[in-house]
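The following exercises concern a single protein chain. Please examine the sequence and the coordinates before reading each solution.

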Amino acid sequence: MNLDEAGDRVTLTDEDGNDLDFIMLGRLALDGVEYVFLEDPEDEGSVMVCRAEEEDGEELLLPVEDEDECENAFYYFQAEADDYEVGPAE
């Protein structure tokens, strides 16, 4: 796990062109997929799980919409991160 970027501010643009700020919690490579975990600074504890994909040499962060995939990735992230307690994936 690469937590070198933990604490960095990340700005994403939604489908309506609005900029949304997040705090990078970390990254996790799992089953060939790179996940990025972002926290909403306005709602501490609210974590968005994204897939990091490359397109035209740029990294894109795409929100994971499948609930099982999201919970599984976050479970493994919790197991690796010191700041989170591990709980079972539901």
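Four exercises on this predicted model follow, each with a worked solution.

**Exercise 1. Confidence and architecture**

Determine the order of the secondary-structure elements and identify which elements have the lowest and the highest mean pLDDT.

*Solution.* Step 1: the chain contains one helix and five strands. Step 2: along the sequence these elements follow the pattern β-β-β-β-β-α. Step 3: the mean pLDDT of the chain is 83, with 84% of the residues at 70 or more. Step 4: among the elements, strand β1 (residues 9-13) has the lowest mean, 86, whereas strand β3 (residues 33-39) has the highest, 94. Over residues 86-90, pLDDT is below 50, and this stretch has nine contacts in the model beyond near neighbours in sequence.

**Exercise 2. Nonpolar cores**

State which residues form the largest nonpolar core and which elements each supply at least two of them.

*Solution.* Step 1: of the 90 residues in the chain, 30% are buried. Step 2: the largest nonpolar core comprises 12 residues, namely L25, L28, L30, V33, Y35, F37, V49, V64, A73, F74, F77 and A81. Step 3: at least two residues of this core come from each of β2 (19-30), β3 and α1 (67-80). Step 4: a second, separate core has nine residues, including V36, C50, A52 and L61.

**Exercise 3. Cysteines**

Explain why C70 forms no disulfide with C50.

*Solution.* Step 1: a disulfide is a covalent bond between the sulfur atoms of two cysteines. Step 2: the criterion applied here requires the two sulfur atoms to lie within 2.5 Å. Step 3: the cysteine sulfur closest to that of C70 belongs to C50 and is 8.9 Å away, so the pair is too far apart for a bond. Step 4: the count of disulfides is accordingly zero. As for its surroundings, C50 has a relative accessibility of 0% and therefore counts as buried; C50 is also one of the residues of the second nonpolar core.

**Exercise 4. A charged-type side chain in a strand**

Establish whether R27 is buried or exposed, and which side chains make polar contacts with the R27 side chain.

*Solution.* Step 1: R27 is located in strand β2. Step 2: the relative accessible area of R27 is 10%; the cut-off for a buried residue is under 20%, so R27 is buried. Step 3: the side chain of R27 is joined to that of E34 by a polar contact of 3.2 Å. Step 4: a polar contact of 2.9 Å links the side chains of R27 and E59.

Technical notes: Residues numbered from 1 in each chain as written. Predicted model: local features only at pLDDT ≥ 70, side-chain atom pairs only at ≥ 80, totals over all residues. Heavy atoms only, no water. pLDDT = per-residue confidence, 0-100. Helix = DSSP H or I, 4+ residues; strand = E, 2+ residues; numbered from the N terminus. Contact = heavy atoms within 4.5 Å. Buried < 20%, exposed > 50% of the residue type's maximum accessible area, 1.4 Å probe, protein only. Core = buried A, V, L, I, M, F, W, Y, C linked by side-chain atoms within 4.5 Å. Polar contact = N/O pair within 3.5 Å; in protein donor to acceptor, adjacent residues only side chain to side chain.
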